[in-house]
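Grab a viewer and work through these exercises with the coordinates open. Each one sets a task and then walks through a solution.

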Amino acid sequence: MSRWRLLLGSAAGLIIVAGLIAAPFGLKPYGIYILTLWAVTTIAAIGLNLTLGYAGQVSLAQGAFVGIGAYAAALLTTHGWPLGSAYVVAAIACFCIGWLLGYPALRVQHHYLAFVTLAFSTLIYLVFRNEEWITGGIYGLSNVPRPSLFGYPLRSPRDFYYFCLANLALVSLAAWWLIRSPWGRAFVALRENPVRALSLGVDTRRYTLMAFALGSGLGGISGVLYAPLVQYIDPTPFSLLLSLNLLLMVIVGGSGYFFGPFLGAIIAVLLPEWLQAASKYYLFYYAAFVMVLLVVSPSGIIGFFERRFTAARKSAPPATPVGQAKVA
Amino acid sequence: MADFIQLLVAGLATGGIYALVAIGFTLLWQTSQTINFAQGEFVMLPAFFMLGAMSVLGLPFWGAVAVGIVVSAIVLGVLFKRLLVDPMLRHGVLPLAIATMALALFLKEAVKDFYSAEAQPFPPLAAATNVSIFGAAVALQSLIVVAIAIGAVVALQLFLNNTQTGRRMQATAQNPTVARILGIPVERMILLAFVINAVLAALASALVTPIYLAKFSNGEYLGIAAFIAAIVGGFNQVRGAIVGGLLLGVIDNFAAAYLSAQYRAAIPLLLLIVVILFRPQGLLGRVEERTV
């Protein structure tokens, strides 16, 4: 039974990967751009899924970390540094800031944490907008160059798309490994029952901070790719709305499920483009859809189907989604 | 000195509005563990109900305010509770909070798409005249806002402390299980808290919209301000929300005048982070629980 599932799963996975590799040949540059944006957004959502879905810590600051990464990349590459340096700077900066931001998570939980991260997100936005000497203020930073890989310039949309897809693949593999490592299991223990985790010898302080820092670091990496993708950075895309969107993405897809962020990003990034006829009202319908979905299944779309699937087979109980475990 | 008094009164007026919004916020938390991220939108929306009542029904201003408050009590009180909170509550605090984030987006987009994306003029509460206090010219409007906000808060306190229903509500907030055993209709009390929240939000809407004009995005800052006021004052205390609101309004206005107009919005956020780190129960709050 489970071998069939594994076979089916890997076949589906192969088809999807092949489709992602073949996709740019059937798409116009704008389509490739949107698909690249999906890959970049998914990286940030995977990071948030580590923080929220696995470790159970709400963050409304992921958009700010994407912004920090994007500004780091834009500033470094326009001053002649390679994009590789931006990876290092953004990942380290976001990791450290995420670590510090995790400290309130040690003292408070749930709603308070949402507010601290919300405040942080707004503060970072104000810095982007007001510190003109470094961020260019509302005029932003333009002419962000596309990177080159081993001397091969990734200037065309298709080349850059493959670059971002490769990044997504690496991040996915790393996340896959992390979730299955003792760390990932400690994160889940933290989410499910912090008291029990502590009594079983899980250093909850360290893992909470780590969950925040790792998720934030991935947000930074997403930003590093975002800057050369759009080639122009201003504060607007990194407002609180981005953090909220990323949070809803993870929730809609299914927080705590590995493929949740992928699906969530498809719905938030690709779907509005496909449904262009309704695009003016898209956010309206999207918000309504999210509310209905949450009422029906707080564990998102994947959680919904998994529950139907397991209910039909009367096998393993469904995984507990975020926040369901313990109510203060 | 004149500047100081002007800023102080303007700050108290803004603070009074924040306090009204923050009180409702804490009421929802106390009675049903609902964290309403759409609280700002609950203030944005009633202004459009009132505008609609004026243009469609042709009512005078105060009549429209009354209609707006009633419609808000039904839509943002009863319907919000029945359609979103009740089905979500069993899933826990966090999914419900996220659902209200989606609700905030929904209300904002609804107004933008189906009413107008432009700021709509809103009639003033009073003629634009100034009153002299200790030699400082203070806008009559600010004084009226302060008066109405204080009146609403006092009325609420009298209701909560001096009527049987108010005491039942307090009992429900403090310990729903015991309240139920004592025969208090807990469900109805919780519904009442939602209705009160909607009425306070609608009242705040009538007070704040003449200053900001009616716009779909009005709730963004108001919501954050109300959260901050509630947390700074103390999440589990009505008087905490009042103190937090007034403090925030005054700090807001003084920071804009004396510190930095650019970072005006940052001061309350820094205040929030400091309070959460060093006094998470708020200035007047009780310690609720210690999380791991």
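**Exercise 1. Contacts of I251(A)**

Find the residues that I251(A) touches, leaving out those up to four places away in sequence, and decide whether I251(A) is buried or exposed.

Step 1. Keep in mind that you're looking at a predicted model. Leaving out residues up to four places away in sequence, I251(A) touches G300(A) and I98(B).

Step 2. Place the residue: I251(A) sits in helix α11 of chain A, which covers residues 240–253.

Step 3. Count C-beta neighbours. There are 32 inside 10 Å of I251(A), and the cut-off for buried is 20 or more, so I251(A) counts as buried.

Step 4. Check a C-alpha distance too. I251(A) and S299(A) are 48 residues apart in sequence, yet their C-alpha atoms are 6.9 Å apart in space.

**Exercise 2. Where the chains meet**

Work out how many residues of chain B are in contact with chain A, and which element of chain B gives the most.

Step 1. Count both sides: 36 residues of chain B are in contact with 40 residues of chain A.

Step 2. Sort the chain B side by element. Those giving two or more residues are α3 (61–89), α4 (93–114), α9 (219–233) and α11 (266–278) of chain B.

Step 3. Pick the top contributor: α4(B) gives the most, with 14 residues.

Step 4. Split the chain B side by residue type, and you get 28 nonpolar, five polar and three charged residues.

Step 5. Try one residue as an example. Not counting residues up to four places away in sequence, A102(B) touches L248(A), A287(A), V290(A), M291(A) and L294(A).

**Exercise 3. The largest nonpolar core**

Find which residues of the largest nonpolar core touch the most other members.

Step 1. Start from the full set, which has 204 residues.

Step 2. Rank them by contacts with other members: A19(B), V21(B), A102(B) and A229(B) come out on top.

Step 3. Ask which element supplies the largest share; that's helix α8 of chain B (residues 186–212), with 17 residues.

**Exercise 4. The fold of chain B**

Describe how chain B is built, and say how its radius of gyration relates to the globule rule.

Step 1. Tally the elements: chain B has eleven helices and two strands. Read from the N terminus, they run α-α-α-α-β-β-α-α-α-α-α-α-α.

Step 2. Compare sizes. The radius of gyration of chain B is 19 Å, close to the 19 Å from the globule rule for 292 residues, so chain B is as compact as a globular protein of that length.

Step 3. Add the box: along the principal axes, the C-alpha atoms of chain B fill roughly 55 × 50 × 35 Å.

Step 4. Look at burial and contact range. Of the 292 residues of chain B, 53% count as buried. Among chain B contacts between residues at least 6 apart in sequence, 74% join residues at least 24 apart.

**Exercise 5. The hairpin in chain B**

Work out the sense in which β1(B) and β2(B) pair, and find which residues stand opposite each other.

Step 1. Strand β1(B) (residues 130–133) and strand β2(B) (residues 136–139) pair in the antiparallel sense, over four bridges.

Step 2. Read off the partners: S132(B) stands opposite A137(B), and I133(B) stands opposite A136(B).

Step 3. Inspect the turn. Two residues lie between the strands, and F134(B) takes a positive phi near 45°.

**Exercise 6. Two glutamines with positive phi**

For Q231(A) and Q33(B), give phi, the location and the exposure.

Step 1. Take Q231(A): its phi is near 65°, and it sits in the loop between α10 and α11 of chain A. With 14 other C-beta atoms within 10 Å, Q231(A) is partly exposed.

Step 2. Take Q33(B): its phi is near 55°, and it's found in the loop between α1 (2–32) and α2 (39–55) of chain B. With 18 C-beta neighbours inside 10 Å, Q33(B) counts as partly exposed.

**Exercise 7. Confidence in chain A**

Find where in chain A the pLDDT is below 50.

Step 1. Get the overall level: the mean pLDDT of chain A is 84, and 91% of its residues reach 70 or more.

Step 2. Locate the stretch: the pLDDT is below 50 over residues 321–328 of chain A. Beyond near neighbours in sequence, this stretch has 31 contacts in the model.

Definitions and conventions: Residues are numbered from 1 along each chain as its sequence is written. Chains are lettered from A and ligands numbered from 1 in the order in which they are written. This is a predicted model: local features need pLDDT of at least 70, side-chain atom pairs count only at pLDDT 80 or more; totals for chains, interfaces and linings use all residues. Two strands pair if DSSP finds at least two bridges between them. A residue is buried if 20 or more other C-beta atoms lie within 10 Å of its own, exposed if 12 or fewer, and partly exposed in between; C-beta atoms are placed from the backbone. Two residues are in contact if their C-beta atoms, placed from the backbone, lie within 7 Å. A nonpolar core is a set of buried Ala, Val, Leu, Ile, Met, Phe, Trp, Tyr and Cys residues joined through C-beta atoms within 7 Å. Ala, Val, Leu, Ile, Met, Phe, Trp, Tyr, Cys and Pro count as nonpolar, Asp, Glu, Lys and Arg as charged, and the others, Gly among them, as polar. pLDDT is the predictor's confidence in each residue, from 0 to 100. The radius of gyration is taken over C-alpha atoms; the globule rule is 2.2 Å times the number of residues to the power 0.38.
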